Amino acid sequence: MSDISTKSMSKYIKSKGIRIKTIAECLEIPYDSLYNSMKYKRPLRADEFMAMCVFFEKNPFDFYPRIVKHSEQKTPQFEL
């Protein structure tokens, strides 16, 4: 089973055409682990996800569109 961050990161990598092996080598993540994550066989660990965000110079919330969308909504003001 795969989580939102793993699926989003995998789709991002595919869209950029970057090889998993290149990312694994740069971030010193075992290739097999990263490959399995990108094929939805294992979820990314938090440290792997954050390292990839830094590598791609992306905000972690870029991979959580529902959270960002919700946070952009104005909070209703109530009078007591």
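Here is a short walk through the structure above, from the whole chain down to a few residues.

First, keep in mind that you're looking at a predicted model. How sure is the predictor of the chain? The mean pLDDT is 83, and 78% of the residues reach 70 or more. That confidence isn't spread evenly: helix 2 has the highest mean, at 96, while helix 5 (residues 65-72) has the lowest, at 53. Where pLDDT is low, the predicted coordinates shouldn't be read in detail. So go easy on helix 5, with its mean of 53.

Now for the overall layout. The chain has five helices and zero strands, so if you trace along the sequence you get the pattern α-α-α-α-α. Out of 80 residues, 29% count as buried. The accessible surface adds up to about 6,100 Å², and carbon and sulfur atoms account for 55% of that. What about contacts along the chain? Take those between residues at least 6 apart in sequence: 59% of them join residues at least 24 apart.

Let's zoom in on helix 2, which spans residues 20-27. Its buried residues include Ile20, Ile23 and Ala24. These three sit on the same side of helix 2, because they cover an arc of only 100° around the axis. What covers the buried residues of this helix? The cover includes helix 1 (4-16), helix 3 (31-38) and helix 4. Just past the end of helix 2 you'll meet Glu28, which takes a positive phi of about 55°.

Next stop is helix 4, residues 46-56, where you'll find Glu48. Is Glu48 buried or exposed? Its relative accessible area is 5%, and anything under 20% counts as buried, so Glu48 is buried. Who does Glu48 touch? Setting aside neighbours within four places in sequence, Glu48 is in contact with Ile29, Ser37 and Arg42. With Arg42 there's a polar contact too: the two side chains are joined at 3.1 Å.

Finally, have a look at two cysteines. Cys53 is buried, because its relative accessible area is just 2%. Cys26, on the other hand, has a relative accessible area of 49%, so Cys26 is described as partly exposed. A disulfide is a covalent bond between the sulfur atoms of two cysteines. How many disulfides does this structure hold? The count is zero.

Definitions and conventions: Residues numbered from 1 in each chain as written. Heavy atoms only, no water. Helix = DSSP H or I, 4+ residues; strand = E, 2+ residues; numbered from the N terminus. Buried < 20%, exposed > 50% of the residue type's maximum accessible area, 1.4 Å probe, protein only. Polar contact = N/O pair within 3.5 Å; in protein donor to acceptor, adjacent residues only side chain to side chain. Contact = heavy atoms within 4.5 Å. Arc of directions from axis to C-beta. Areas by Shrake-Rupley, 256 points an atom, 1.4 Å probe, with all protein chains shown as cover. pLDDT = per-residue confidence, 0-100. Disulfide = S-S within 2.5 Å.
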